[in-house]
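Work through the exercises below with the sequence and the model open. Try each task before reading its solution.

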Amino acid sequence: MGIVEINSESWKEFDYSKYKEINPPENTSTEVYDELKHLLHLPEDKVFVKKHDDIEKVFEQVCEENNIEYPKELVVGLIKSTKYIILDLKLHHNRPRPYQLASEYNINLGEEATKCIENRSYPSGHSCLGFLIGNVLQRKLENNTDVFLKAGKRISYSRNLCRRHYISDSIIGEEIGNSMYEYIKDKI
């Protein structure tokens, strides 16, 4: 399996401007309140969340479980090269994390929701990367099962379980990840 070099140059013509036009729900909307209530009712599963927090390790484990050589350089390249796009979208939308709005509604999402949060909420970078990498590995490694796609979905879902992302953050993150995959699939 040849290593494909992925870096920021790989994305120089990727047009993600449409995702700047797709806004999250308004902070004071009933949709946000409903999303917060939904997060509150999700089961707490700290083991699942911890297992899916490190994107690299998730895909490495999937490779190991399926006796596939893990393409570390490819995965690291995808993560590093897309950070500026994800961060640009987060800064553009500037959406508060769920715990920040939950307090306005007297909702306590728990301590997990406030851990290790350094940037804004929309879109979910984990969801984006989970879907991008899941799709890339599925194609690159010519796997006849959908183990990589399922891993991407688990990564995305884990962000809701830990209550660090609204459902709408994850949905748009998944969409962006799929769009990034469509852009880059012929280059791998």
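Four exercises on this predicted model follow, each with a worked solution.

**Exercise 1. Decide whether E112 is buried or exposed, and find where E112 lies and what it touches.**

Solution.
- Step 1: Locate the residue. E112 sits in the loop that runs between α6 (98-102) and α7 (125-140).
- Step 2: Compare its accessibility with the cut-off. Buried means under 20% relative accessible area. E112 has 16%, so it counts as buried.
- Step 3: List its contacts, leaving aside residues up to four places away in sequence. E112 touches K46, V49, C162 and R164.
- Step 4: Look at one of these partners. C162 is buried too, with a relative accessible area of 1%.
- Step 5: Set sequence beside space. E112 and L141 are 29 residues apart in sequence, and their C-alpha atoms are 35 Å apart.

**Exercise 2. Find how many disulfides the structure holds, and explain why C63 is in none.**

Solution.
- Step 1: Recall the bond. A disulfide is a covalent bond between the sulfur atoms of two cysteines.
- Step 2: Give the count. The structure holds zero disulfides.
- Step 3: Check C63. The nearest cysteine sulfur to that of C63 belongs to C128 and is 19 Å away. A disulfide needs two cysteine sulfur atoms within 2.5 Å, so C63 is in no disulfide.
- Step 4: Add the surroundings. C63 has a relative accessible area of 0%, so it is buried.

**Exercise 3. Determine whether the peptide bond from Y122 to P123 is cis or trans, and place P123.**

Solution.
- Step 1: Recall the background. Most peptide bonds are trans.
- Step 2: Read omega. For the bond from Y122 to P123, omega is near 0 degrees, and the bond is cis.
- Step 3: Place the residue. P123 belongs to the loop between α6 and α7.

**Exercise 4. State the sign of phi at N67 and at N106, then say where each residue lies and whether it is buried or exposed.**

Solution.
- Step 1: Recall the background. Most residues other than glycine have a negative phi.
- Step 2: Read phi at N67. The value is near 55 degrees, which is positive, and N67 is not a glycine.
- Step 3: Place N67. The loop between α4 (55-65) and α5 (72-93) contains N67.
- Step 4: Apply the cut-off for exposed, which is over 50%. N67 reaches 73% relative accessibility and therefore counts as exposed.
- Step 5: Turn to N106. Its phi is positive, about 55 degrees, although N106 is not a glycine.
- Step 6: Finish with its place and accessibility. N106 is in the loop between α6 and α7. With 75% relative accessibility, N106 counts as exposed.

Note on methods:
Residues numbered from 1 in each chain as written. Predicted model: local features only at pLDDT ≥ 70, side-chain atom pairs only at ≥ 80, totals over all residues. Heavy atoms only, no water. Helix = DSSP H or I, 4+ residues; strand = E, 2+ residues; numbered from the N terminus. Buried < 20%, exposed > 50% of the residue type's maximum accessible area, 1.4 Å probe, protein only. Contact = heavy atoms within 4.5 Å.
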